[in-house]
Amino acid sequence: MASLDKKNILFLSPSFFSYEVEIQDALKHMGAHVTWCDERPSNTFLTKVLIRLNKKVVKRKIINYYSVILNQLIKEKKEFDYIFIISPETLTLPILTNFKSSFPKAEVILYMWDSFKNKGALELLPEVDRAITFDPIDAEKYDLKFRPLFYIDKYKAKEAKILYDLLFIATAHSDRYIFVKNLMRKLPDKLRFKSYFFLSSQKLYWAKKIVEKNFKNVKLEDISFTSLSHNETAEMVHHTKVVLDINHPEQVGLTMRTLETLGAQKKLITTNKDIVRYDFYNPTNFLILDRNDPNVPIAFFNTAFKPVGADILKKYSVNGWIEEIFEVD
């Protein structure tokens, strides 16, 4: 067991709804010195598409990007105790090898908050000292440590007036839009339902309309192209009775929203059947829906959230997550 006080951490992760900022803040609060670099060479729509379709197309751009980062770190005479990597899409084995050679004292930790099937990154496993995943299937398949995600402090439970009975906030992908529309038709009119579908750009919206069958009937006016801040999302969660979670159909690991709902001590309706395996599961607090035929018993809204223990809340907080990832005492 160790402490992060005065430890130097090179943190490589995608820019993802400012979670990278929240993780940095938590690490710094524990006394660490953090140098963060975006795992992607660019966050433009085109670059993201090329990375997802075939990152060989932007291979030279990726190599140059990491070369500039490494040379700058060497120029600044940086030394690191840890190289912490989250769900990389562009980091290759040769690039990681170069970083390890340049910072030989650093322990390399890889955390996957997406599945290897979606992100790749399997080639990195031989070069990391510890690999952890949020996906129980990947954990078993590749013999990795399993650790679910976390919630940040903004989602800690607090008193707030209930404005919504049911709340759904998420990126518009897979069958989420169709699912919500089907569910809405079955909910009573008096139930106060708030939904917020997000996409990063209209270009992405029109591309999805062309290539994805689940997106054919998605209306432009139902999509927001401005992401909510954590403060905005947390406030909406605090003002709701029940949160709706629709996991990606090809993903088993729990979404961030699931843990944020736990932190806020709100009831959750989810399509993820795997939730029954987790230590905080309680049928009073969690309702599992059939993805193909969603039906919500209205009685679920009439019972209060059954509080969970302080040990569970600590475990799934961002601090608890960091302590487990870095094996901190």
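Helices and strands here are DSSP runs, numbered from the N terminus. The model discussed below is predicted.

User: Happy to start at the beginning of the chain: is strand E1 largely enclosed by or open to the rest of the structure?
Analyst: Let's go by burial, where buried means under 20% relative accessible area. Strand E1 spans residues 8-13, and five of its six residues are buried. So, with respect to the rest of the structure, E1 is largely enclosed.

User: Which residue in E2 stands opposite leucine 12?
Analyst: Good one to look up in the model. E1 and strand E2 (residues 33-38) run parallel and are joined by six bridges. Opposite leucine 12, E2 places cysteine 37.

User: And what is the handedness of the β-α-β unit made by E1, H1 and E2?
Analyst: The unit takes in E1, then helix H1 (residues 19-29), then E2. The two strands in it, E1 and E2, run parallel. The handedness of this β-α-β unit is right-handed.

User: E1 also pairs with E3, so to speak; which residue in E3 is the bridge partner of leucine 10?
Analyst: Strand E3 covers residues 82-86 and pairs with E1 over four bridges, in the parallel sense. Within E3, leucine 10 has as its bridge partner isoleucine 83.

User: Where does serine 18 lie, and is it buried or partly exposed?
Analyst: Serine 18 is in the loop between E1 and H1. Its phi is positive, near 65 degrees, although the residue is not glycine. Buried would need a relative accessible area under 20%. Serine 18 has 37% relative accessibility, so it counts as partly exposed.

User: What is the approximate phi of glutamine 265?
Analyst: Glutamine 265 sits in the loop that runs between helix H10 (256-264) and strand E11 (267-270). With a relative accessible area of 23%, glutamine 265 is partly exposed. Its phi is positive even though the residue is not a glycine, at about 55 degrees.

User: Which strands are the edge strands of the six-stranded open sheet?
Analyst: The order in this sheet is E9-E8-E7-E10-E11-E12, with parallel pairing. An edge strand here pairs on one side only. That description fits strand E9 (223-224) and strand E12 (286-288).

User: Last one, then: which residue in E10 is the bridge partner of leucine 166?
Analyst: Happy to trace it. Strand E7 (residues 164-171) pairs with strand E10 (residues 240-245) in the parallel sense, over three bridges. The E10 bridge partner of leucine 166 is valine 242.

Definitions and conventions
Residues are numbered from 1 along each chain as its sequence is written. This is a predicted model: local features need pLDDT of at least 70, side-chain atom pairs count only at pLDDT 80 or more; totals for chains, interfaces and linings use all residues. Side-chain values use heavy atoms; hydrogens and water are left out. Buried means under 20% relative accessible area, exposed over 50%, partly exposed in between (1.4 Å probe, protein chains only). Two strands pair if DSSP finds at least two bridges between them. A crossover is right-handed if, with the strands pointing away from the viewer, the path from the first strand over the helix to the second runs clockwise.
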